[in-house]
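The following exercises are to be worked through with the sequence and the structure at hand. Each task is followed by a solution in steps.

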Protein chains: 2
Amino acid sequence: MKERTDWPPELKKTKQREEIYRILELAEKPLSVNEIYVRIDRALCQKYHVAVSTVYRIMFAFEKHHLVIKSTLMGDETALYEMNRGGHKHYAICLKCHKLVPLEMCPFEKVQIQTKDNDFTITSHKIEIYGYCKVCQNNLQKQGEDK
Amino acid sequence: MKERTDWPPELKKTKQREEIYRILELAEKPLSVNEIYVRIDRALCQKYHVAVSTVYRIMFAFEKHHLVIKSTLMGDETALYEMNRGGHKHYAICLKCHKLVPLEMCPFEKVQIQTKDNDFTITSHKIEIYGYCKVCQNNLQKQGEDK
DNA sequence: ATCAGTGCAAACGATTTGCACCTCG
DNA sequence: CGAGGTGCAAATCGTTTGCACTGAT
């Protein structure tokens, strides 16, 4: 099964792009441009500098070539990017610690979506689940008992 | 069945707030702050002026009191507000004309969401469906034939 | 009279762009 | 060599905030 993470031939290779690609590959979660920017500087240790605007431009190019997936979370205006690893993924977001908990499967696999006249052709979807992760849940409970 | 659209007593009534409330009641779709701003000016016809910052502050207050629901759509950073009419609603968004087509029901009513250890307590969710509405679908088809 | 609500302009943070220079292919 | 990529700084866009003033209760 071929992953979708191969480099598109029409995308010129530069050290900046390869560095960002590497960072996204290693990322444990979707990253903001600023997080990427910081990780570049950390990885490059002054060898050379990458401009923020370059990061934006590269993310734009990556997105266009479907190398990455862009998303935004509720109550936050900054965009997040993660490597497009084929089969799509959804997250549950903890309202307290903001941790992202990946869902095991896409809940839509089993669902039919209905509009008024069923005249809408679906090409993609986005789901965000909000609530509390186990840790925060336990903490909240404890706080309730401590009184 | 009581609607959630009654005015919270702790929210002072002012002409600005009442005007915005009216606009949201009449709105056929979620509105951006700017759209609200334009509609106010149109409705008030120079009688007096409402500042953009005021609109933001009022939307913040309305949101806090659950009078409105705030949301953001993919590929657009501006926030949208719609009157909270109780039972929540989702939309299918046309990628071509950007029309919002309301879903008949929440697809999650029938679905179980699973995280790794099922240790996540869900309090809310957000769904966005993307694709093509009937009109745009037909247009695309026609374009295909015309050659 | 009091305190929340408002207008205005300035501040802000994320993202974009214009332009000169650089580098991959 | 030439087109496309990059760095830098300035511009833009949505949103927020400080402050003095106004208005609802």
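**Exercise 1.** In which loop of chain B does B:H98 lie? State also its backbone angle phi and its exposure, remembering that the model is predicted.

*Solution.* Begin with the position: B:H98 belongs to the loop that runs between β4 (91-94) and β5 (100-102) of chain B. Next, consider the backbone: phi of B:H98 is positive, about 65 degrees, although the residue is not a glycine. Finally, classify the exposure. The cut-off for an exposed residue is over 50% relative accessible area. B:H98 has 57%, and therefore counts as exposed.

**Exercise 2.** Between which two elements of chain A is A:H66 found, and what is its phi?

*Solution.* The loop that holds A:H66 connects α3 (52-64) with β2 (68-72) in chain A. The phi of A:H66 is near 60 degrees, which is a positive value in a residue other than glycine.

**Exercise 3.** Describe the fold of chain A, from its elements to its overall dimensions.

*Solution.* First, count the elements: chain A contains 4 helices and 6 strands. Their order along the sequence is α-β-α-α-β-β-β-β-β-α.

Second, examine the dimensions. The C-alpha trace spans about 55 × 50 × 30 Å along its principal axes. The radius of gyration of chain A is 19 Å, whereas a compact globule of 147 residues would have one near 15 Å.

Third, turn to contacts and burial. Taking contacts in chain A between residues at least 6 apart in sequence, 51% join residues at least 24 apart. Of the 147 residues, 41% count as buried.

Fourth, consider the surface and the charges. Chain A exposes about 9400 Å², and carbon and sulfur atoms supply 51% of this area. There are 24 positive and 20 negative side chains in chain A, and the centres of these two sets lie 4 Å apart.

**Exercise 4.** Is A:I23 buried or exposed, and which residues does it touch beyond four places in sequence?

*Solution.* Locate the residue first: A:I23 is part of helix α1 (residues 15-26) of chain A. The cut-off for a buried residue is under 20% relative accessible area. A:I23 has a relative accessibility of 8%, so it counts as buried. Leaving out residues up to four places away in sequence, A:I23 touches A:L31, A:I36, A:R39 and A:I40. As a last step, compare sequence and space: A:I23 and A:N138 are 115 residues apart in sequence, and their C-alpha atoms are 33 Å apart.

**Exercise 5.** Which residues are in contact with A:E128, neighbours within four places in sequence being left aside?

*Solution.* A:E128 is located in strand β6 (residues 121-132) of chain A. With a relative accessible area of 4%, A:E128 is buried. Its contacts in chain A are A:T72, A:L73, A:M74, A:Y91 and A:I93. In chain B, A:E128 is in contact with B:S124, B:H125 and B:K126.

**Exercise 6.** What turn and what shift lay chain B on chain A?

*Solution.* A turn of 179 degrees and a shift of 0.0 Å along the axis lay chain B on chain A, with an RMSD of 0.2 Å. The relation is therefore that of a two-fold axis. The C-alpha of chain B nearest this axis is that of B:I127, 2.3 Å from it. The same surface serves both copies, as 97% of the contact residues of chain B recur in chain A.

Note on methods
Residues are numbered from 1 along each chain as its sequence is written. Chains are lettered from A and ligands numbered from 1 in the order in which they are written. This is a predicted model: local features need pLDDT of at least 70, side-chain atom pairs count only at pLDDT 80 or more; totals for chains, interfaces and linings use all residues. Side-chain values use heavy atoms; hydrogens and water are left out. The radius of gyration is taken over C-alpha atoms; the globule rule is 2.2 Å times the number of residues to the power 0.38. Buried means under 20% relative accessible area, exposed over 50%, partly exposed in between (1.4 Å probe, protein chains only). Contact means heavy atoms within 4.5 Å. Accessible areas come from the Shrake-Rupley method with a 1.4 Å probe; for residues, only the protein chains shown count as cover. Lys and Arg count as positive and Asp and Glu as negative; His and the chain ends are not counted. The place of a charge is taken as NZ of Lys, CZ of Arg, CG of Asp or CD of Glu. Copies are superposed by least squares on the C-alpha atoms of residues with pLDDT of at least 70 in both.
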